Amino acid sequence: MNLVGQNQGSMSCRRRCLDTHPIHPQYTQMIIILRALIARRLAWRYSATLMLLALPAVFAQNISAQKEVVDIRNLYSKINQEILREPNRCRRYVATPEAYEAQKWRRIDSDTEFDQKHYARASICYLQKQYLAKATIEVFSMAGDWADHREHYFYANGKLAFFFERQSTTQAYDNVNNREIPGAPYILERRLYFDQNGKLLRRLEKAYASKGQQEFPLRFIYPIDFEIYMSIDKLPSSPIP
């Protein structure tokens with residue numbers, strides 16, 4: 001038997017059949033749709049596989065960041081406990097508006113003078129081996145319509161570990177509903193966590209009315225921007241001996 005001849009005959013028969021019985025346009029459209037669905041499903045499976053492969057790394061990063069945040073909280077708690085036990089570890093300074101702008105602080109030793117209202121006050125606290133661990137800087141409006149309290153906690157390498165800010169102001173407005181926000185003055189709180197290389201790990205912010213503690217969107221408050229000192233050597237020069 002001539003198999004080659006039979007195969008060639010079969011092929012020519014199939015071509016004739018296709019020529020005489022073309023595929024209906026409706027079936028052609030269905031084939032195109034099926035191909036598209038199959039391609040989409042394959043692409044989805046590929047994307048899902050990549051996501052599953054990336055999940056362990058994401059979880060590991062989150063767990064690592066959470067652990068660092070816990071370590072930072074332990075650090076600033078320990079610093080505050082040591083300062084409470086030995087408050088003489090802190091050196092205190094005050095400044096007028098002009099002196100604050102020129103970074104010319106005046107060191108004081110009297111509790112009474114420090115508690116008096118100044119434009120700016122600073123408290124620089126040292127722990128063992130002259131390790132500058134905490135710097136608190138407060139600035140007040142002479143008109144009394146705002147005040148800013150900033151706490152900086154540092155690692156032993158001098159980098160900023162934790163920053164806390166509490167800003168009080170009378171300036172806030174609900175520009176969505178075009179109304180005054182009740183409960184003034186208004187409070188803006190900010191907490192920033194950094195690793196030992198200065199990378200931001202977590203940022204927590206909230207704004208609320210001091211009367212009633214009702215929270216509202218941050219965009220409704222008018223904050224006053226002050227510098228965040230990312231390392232000890234960035235602090236105003238005068239408060240540091």
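**Entry 1. The β5 neighbourhood**

I started with β5 and strand β6 (residues 160-169), which pair in the antiparallel sense over nine bridges. The model I am reading is a predicted one. I looked up two of the partners across this pairing. D148 has Q167 in β6 as its bridge partner, and W146 is matched with T169 in β6. The hairpin of β5 and β6 has five residues between the strands, and there I found G158 with a positive phi near 90°.

I then turned to the pairing of β5 with strand β4 (residues 131-140). β4 and β5 also run antiparallel, with seven bridges. K134 stands opposite Y153 in β5. The hairpin of β4 and β5 has five residues between the strands, and G144 in this hairpin takes a positive phi near 85°.

How many of the nine residues of β5 are buried? I noted eight, so-called mostly covered, for the strand spanning residues 146-154.

**Entry 2. The whole sheet**

I followed the pairing outward from β5. Nine strands make up an open sheet, and I wrote down the order as β2-β1-β3-β4-β5-β6-β7-β8-β9, with antiparallel pairing. Which strands are at the edges? They are β2 and β9 (215-216), each of which pairs on one side only.

**Entry 3. The disulfide**

I checked the cysteines next and counted one disulfide. The disulfide joins C90 to C125, with an S to S distance of 2.1 Å. The link of C90 and C125 is right-handed, with 105° about the S-S bond. C90 lies in strand β1 (residues 90-95) and C125 in strand β3 (residues 120-127), so the bond ties together parts that are 35 residues apart in sequence. Are these two cysteines buried or exposed? I found C90 buried, and C125 is buried as well.

**Entry 4. Nonpolar cores**

I went through the largest nonpolar core, which has 23 residues. The members that touch the most other members are Y100, W105, A120 and V139. Two or more residues of this core come from each of β1, α3 (97-101), β3, β4, β5, β6 and β7 (186-194).

I listed the contacts of Y100, leaving out residues up to four places away in sequence. Y100 touches A95, W105, Y119, A120, V139, R150 and F226. There is also a second, separate core of 17 residues, and I79, Y153, Y155 and A161 are among them. Y153 had already come up in my notes as the residue that K134 stands opposite.

As background, I noted that nonpolar side chains tend to be buried together in soluble globular proteins.

**Entry 5. Two partly exposed residues**

I looked up D71, which is found in helix α2 (residues 25-85). Why does D71 count as partly exposed? Its relative accessibility is 38%, and the partly exposed class lies between the limits of 20% and 50%. I also took the separation of D71 from A161, a member of the second core. The C-alpha atoms of D71 and A161 are separated by 9.8 Å, and the two residues are 90 residues apart along the chain.

Where is S110? I placed S110 in the loop between β2 (106-108) and α4 (111-115). S110 counts as partly exposed because its relative accessibility is 32%. From S110 to R92 I noted 9.0 Å, C-alpha to C-alpha, for a pair 18 residues apart in sequence.

Note on methods: Residues numbered from 1 in each chain as written. Predicted model: local features only at pLDDT ≥ 70, side-chain atom pairs only at ≥ 80, totals over all residues. Heavy atoms only, no water. Buried < 20%, exposed > 50% of the residue type's maximum accessible area, 1.4 Å probe, protein only. Helix = DSSP H or I, 4+ residues; strand = E, 2+ residues; numbered from the N terminus. Pairing = 2+ DSSP bridges. Disulfide = S-S within 2.5 Å. Core = buried A, V, L, I, M, F, W, Y, C linked by side-chain atoms within 4.5 Å. Contact = heavy atoms within 4.5 Å.
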